Amino acid sequence: MSEAILECKGLSKCFGPNAALHDLSISLPAGKIIGLLGPNGSGKTTLIKLACGLLTPTEGEIRVCGYKPGIESKALVSYLPERTYLPDWMTVLECIEFFQDFYSDFDIDRATSMLQSLQVPANARMKTLSKGTKEKVQLVLVMSRHAKLYLLDEPIGGVDPAARDYILGTILKNYCEDSTVLISTHLIADVEKILDEFMFIQNGQLVSYASTDSLREDLGKSIDQYFREVFRC
Amino acid sequence: MAWEFSNERPIYVQVSDQIVSGILTGTFKMGEKLPSVREFAIIAAVNPNTVQRALSELESVGLIETQRNTGKYVTQEGSKIEMARKERGELLATEFLKSMAALGYTSEQTIHLLEEARSGEGSSDERSDT
């Protein structure tokens, strides 16, 4: 149980001369909802992609539940990318079946009931859906897995405030005590009350990692206020 | 409906405050079963760990009790609830006096205003800030 869900040691990733992540070390525990926050271009997406094995580190290592990114880790990680990758000729229902084929931890009942409450038409083709609705479908698929680590890259960016509340509720309802949810977002005020902990990164380095309530206790500030202070332009 | 939270104070403190309010105003009645941690988390739209922490605070002051295997209940001891009510009342009173003082009222003037308001003579409304 005490084993870290996500562990980075001296993790660096360079794209040509530019370091997207530089010597990042962090260990994220199980059972938490953690915000991955930072200004644009700070390395949030790079970190998430490294954890998924979509990128390989230039230096250092990253482990998910003790595994290097690979077949074992991918079975444990449920990843919501920035952009949807679902083929636009598929219907929503076909996407669900696609996920069920792919992942043994996929919970089809959960997916269908969530899509119903979000009023997503199951027989519509992906290309007929609005941007926000596509994002909802993708998120439903991702949250319907019983994964150890959920990596959500900007999960609420494109959806309306009411759906945002529903999605945050969905995250609360579905995550379990031995899994961890890492959420990258700019909409800090919207997510902060569901976060246990948050990490700030900037220029590929860790700026701070703390618990939400300890920030309020020690500084009397919300994460949103603190973010604006730390990253003032 | 998600609960509203202010920025300055830890969320778990605000969650426990709201649950205490619920107990004092009768939303959660004496001896009644409380929603589970997860239900509270979804009602309030906060992290379950935050709810857990809020509930253990309330448990440590005796306002709620855990019954094995069945969940958490509001205490059956009226004295505990009365104590919480008194505490909350005193806090509101002190805060009210402070905001009145900030407006330039002495305690006596404030009390006078309150009496006026009660007898319906006062034309000025009470300030409703916190």
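**Sheet architecture and chain contacts in a predicted two-chain model**

In the predicted model, three strands of chain A form an open sheet in the order β2-β1-β4, with antiparallel pairing. The edges of this sheet are occupied by β2 (18-28) and β4 (59-64) of chain A; each has a single partner strand, so one side of each is left without a neighbour in the sheet. From one strand to the next, the twist averages 25°.

Strand β1 of chain A, residues 6-15, is joined to β2(A) by 7 bridges, and the two strands run antiparallel. Within this pairing, Lys13(A) lies opposite Leu21(A) of β2(A), and Phe15(A) is placed opposite Asn18(A) of the same strand, β2(A). The two strands β1(A) and β2(A) constitute a hairpin with 2 residues between them. In the turn, Gly16(A) adopts a positive phi of about 60°. The pairing of β1(A) with β4(A) is likewise antiparallel and comprises 5 bridges; here Glu7(A) stands opposite Arg63(A) of β4(A). In a regular strand, side chains alternate between the two faces of the sheet. Helix α1 of chain A, residues 44-52, lies across β1, β2 and β4 of chain A. The direction of α1(A) is at about 115° to that of β1(A).

A further open sheet in chain A is built from 6 strands in the order β5-β6-β7-β3-β8-β9, and its pairing is mixed. The edge positions belong to β5 (77-80) and β9 (205-211) of chain A; because each has a single partner strand, one side of each is left without a neighbour in the sheet. In this sheet the twist averages 15° from one strand to the next. The edge strand β5(A) is connected to β6 of chain A, residues 149-153, through 4 bridges, and these strands run parallel. Val77(A) is positioned opposite Leu149(A) of β6(A).

Two helices of chain A are associated with the six-stranded sheet. Helix α8(A) packs on the sheet, where it touches β8 (197-202) and β9 of chain A; the direction of α8(A) makes about 85° with that of β9(A). Helix α9 of chain A, residues 223-230, lies across β3 (33-37), β8 and β9 of chain A. Relative to β8(A), α9(A) runs at about 15°.

Overall, chain A contains 9 helices and 9 strands. The radius of gyration of chain A is 17 Å, close to the 17 Å given by the globule rule for 233 residues, so chain A is as compact as a globular protein of that length. Taken along the principal axes, the C-alpha atoms of chain A fill a box of roughly 45 × 40 × 40 Å.

Chain B comprises 5 helices and 2 strands, with its elements running α-α-α-β-β-α-α from the N terminus on. The radius of gyration of chain B is 18 Å, whereas a compact globule of 130 residues would have a value near 14 Å. Along the principal axes, the box filled by the C-alpha atoms of chain B is roughly 55 × 30 × 25 Å. Helix α5 of chain B (residues 107-118) has 12 residues and, at 1.5 Å a residue, should span 16 Å; the end C-alpha atoms of this helix are 16 Å apart, which agrees. Following α5(B) is Gly120(B), with a positive phi near 75°. The pLDDT of chain B averages 87, and 91% of the residues score at least 70.

Between the chains, 18 residues of chain A are in contact with 15 residues of chain B. On the side of chain A that touches chain B, α6 (161-174) and α8 (212-219) of chain A each supply at least two residues. The largest share of this side, 5 residues, comes from α6(A). By residue class, the side of chain A that touches chain B divides into 5 nonpolar, 5 polar and 8 charged residues. Helix α8(A) thus appears in two settings: it supplies residues to the side of chain A that touches chain B, and it packs on the six-stranded sheet of chain A. For the model, the scores are ipTM 0.76 and pTM 0.84.

Conventions. Residues are numbered from 1 along each chain as its sequence is written. Chains are lettered from A and ligands numbered from 1 in the order in which they are written. This is a predicted model: local features need pLDDT of at least 70, side-chain atom pairs count only at pLDDT 80 or more; totals for chains, interfaces and linings use all residues. pLDDT is the predictor's confidence in each residue, from 0 to 100. The expected span of a helix is 1.5 Å times one less than its number of residues. Two strands pair if DSSP finds at least two bridges between them. Axes are lines fitted to C-alpha atoms, for helices over the stretch in contact, and angles run from 0 to 180 degrees between N-to-C directions. Two residues are in contact if their C-beta atoms, placed from the backbone, lie within 7 Å. Ala, Val, Leu, Ile, Met, Phe, Trp, Tyr, Cys and Pro count as nonpolar, Asp, Glu, Lys and Arg as charged, and the others, Gly among them, as polar. The radius of gyration is taken over C-alpha atoms; the globule rule is 2.2 Å times the number of residues to the power 0.38.
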